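Visitor: Could we go through the ligand site and the empty space in this model?
Guide: Certainly; here is the entry.

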Amino acid sequence: MSFTDRHLLGIEHLSPAAITEILDLAESYVTLNRGTAKHADALAGLTQVNMFFENSTRTQASFEIAGKRLGADVMNMSMQASSIKKGETLIDTAMTLNAMHPDLLVVRHPHSGAVDLLAQKVNCAVLNAGDGRHEHPTQALLDALTIRRAKGRLHRLSVAICGDIAHSRVARSNILLLNRMESRIRLIGPPTLVPGHFAELGAEIYDDMREGLEGADVVMMLRLQKERMDGGFIPSEREYFHRYGLDPEKLALAKPDAIVMHPGPMNRGVEIDGVLADDINRSVIQEQVEMGVAVRMAAMDLLARNMRAARSPEVMA
Ligand code: CP
């Protein structure tokens with residue numbers, strides 16, 4: 001086994017072999033999910049708790065479906081109705097749940113680093129479902145699986161990530177993963193949304209969409225993360241779409257078989273043309289959602305194996 005970690009907190013901690021192992025196992029879950037009987041027992045007897053301190057559609061639903069398909073007892077904590085609202089801290093909430101012996105804790109939190117901190121306090125495996133601007137590892141893994149299925153490989157591709165890079169954990173995790181798999185990454189957007197220090201992560205930076213898209217194999221669009229902005233980063237959404245929104249004319253600069261990706265949620269007419277987003281000949285956005293379930297099944301399956309191996313008598317002796 002290459003992925004021997006106790007938690008899945010970020011791409012930063014994963015080797016190329018570990019990434020490949022997760023994606024290979026996810027492939028088998030794609031097949032299972034496309035069948036009529038969608039159940040396996042990799043998580044039978046285990047308890048999975050989902051704690052989402054920020055809104056989510058795709059990540060929360062797919063973690064819940066993934067856990068249920070693998071036989072776990074899944075509980076979705078309603079954070080709005082929890083004692084957090086009475087002033088209980090994140091750590092006290094986590095310690096309270098920890099006392100109920102969960103096996104897998106899936107956490108999304110608005111603060112970068114909060115999920116890592118929580119992982120240090122509990123006994124179970126923790127999966128980062130997105131923390132602030134820091135990381136969203138399962139999103140990058142599902143994006144990688146989608147790219148690998150469309151292009152047949154993850155190395156020597158030219159991937160353009162466009163839009164609000166500054167506030168995006170999706171961009172950060174994707175840059176780390178694609179770099180590790182030896183692809184070329186171009187970040188495209190206005191300087192206010194693509195700070196120069198991202199070059200340190202091994203990416204090229206462009207503020208001209210036409211230059212940046214030239215010859216790209218993959219075009220990944222990101223929404224403006226207004227919930228993490230504390231000022232005016234663009235003159236207007238109309239002008240932003242004109243300069244940085246993906247439409248058929250700009251996409252024509254990429255390779256003729258370039259795929260269009262978006263992690264969602266999308267703002268049609270702001271970062272992407274709505275018709276292009278729905279064009280099944282170019283857009284793999286719905287496939288990304290499908291791969292999300294398979295990747296989360298694979299990640300939880302491998303973490304459960306690691307957990308069992310750590311608890312086995314040989315290890316304890
Ligand atoms: N891509 C993503 O994280 O979407 P949600 O916010 O809907 O989970």
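Guide: The conversation below turns to the ligand, the pocket, the cavity and two points of backbone geometry. Please bear in mind that this is a predicted model.

Visitor: Which residues are around the ligand?
Guide: The residues around the ligand are Ser 56, Thr 57, Arg 58, Thr 59, Arg 108, His 136, Gln 139, Pro 263 and Gly 264. Sorted by class, this shell has one nonpolar, six polar and two charged residues.

Visitor: Which oxygen or nitrogen atom of the ligand does Pro 263 approach, and with what kind of atom?
Guide: A backbone N or O atom of Pro 263 is 2.9 Å from a nitrogen atom of the ligand. Thr 57 also uses a backbone N or O atom, placed 2.8 Å from an oxygen atom of the ligand. In the case of Arg 108, a polar side-chain atom lies 2.9 Å from an oxygen atom of the ligand. As for burial, the ligand taken alone exposes 250 Å², and the protein buries 92% of that.

Visitor: Where does the ligand sit?
Guide: The ligand sits in the largest pocket. This pocket has a volume of about 350 Å³. Its lining comprises 20 residues, and those nearest the centre are Arg 108, Arg 169, Arg 223, Gly 264 and Pro 265.

Visitor: Which elements give two or more residues to that lining?
Guide: Those elements are α2 and α6, the latter spanning 169–180. By class, the lining of the largest pocket has four nonpolar, nine polar and seven charged residues.

Visitor: Now to the enclosed space. How many cavities of 30 Å³ or more are there?
Guide: The count comes to one cavity of 30 Å³ or more. The largest cavity holds about 70 Å³ of space.

Visitor: What lines the largest cavity?
Guide: The lining is made up of Arg 58, Ser 62, Gln 139, Leu 142, His 262, Pro 263, Ile 285, Gln 288, Val 289, Gly 292 and Arg 296. Two or more of the lining residues come from each of α2 (58–69), α5 (137–151) and α11 (285–311).

Visitor: Which element gives the most?
Guide: That is α11, with five residues in the lining of the largest cavity. By class, this lining has four nonpolar, five polar and two charged residues. Arg 58, Gln 139 and Pro 263 line the largest cavity, and these three residues are also around the ligand.

Visitor: Changing topic, which peptide bond is cis?
Guide: The peptide bond from Gly 264 to Pro 265 is cis, with omega near -10 degrees. Pro 265 belongs to the loop between β9 (259–261) and α10 (274–277). Both Gly 264 and Pro 265 are among the residues nearest the centre of the largest pocket.

Visitor: And what is phi of His 101?
Guide: Phi of His 101 is near 60 degrees, a positive value in a residue other than glycine. His 101 is placed in the loop between α3 (90–98) and β3 (104–109).

Terms used:
Residues numbered from 1 in each chain as written. Predicted model: local features only at pLDDT ≥ 70, side-chain atom pairs only at ≥ 80, totals over all residues. Heavy atoms only, no water. Near = heavy atom within 4 Å. Polar contact = N/O pair within 3.5 Å; in protein donor to acceptor, adjacent residues only side chain to side chain. Areas by Shrake-Rupley, 256 points an atom, 1.4 Å probe, with all protein chains shown as cover. 1 Å grid on protein atoms, 1.4 Å probe; cavity = no way out; pocket = protein on both sides within 12 Å on 5 of 7 lines; lining within 4 Å. Sits in = over half its atoms within 2 Å of the grid points. Nonpolar A, V, L, I, M, F, W, Y, C, P; charged D, E, K, R; others polar. Points joined across faces, edges and corners; volume = space filled by probe spheres on them. Helix = DSSP H or I, 4+ residues; strand = E, 2+ residues; numbered from the N terminus.
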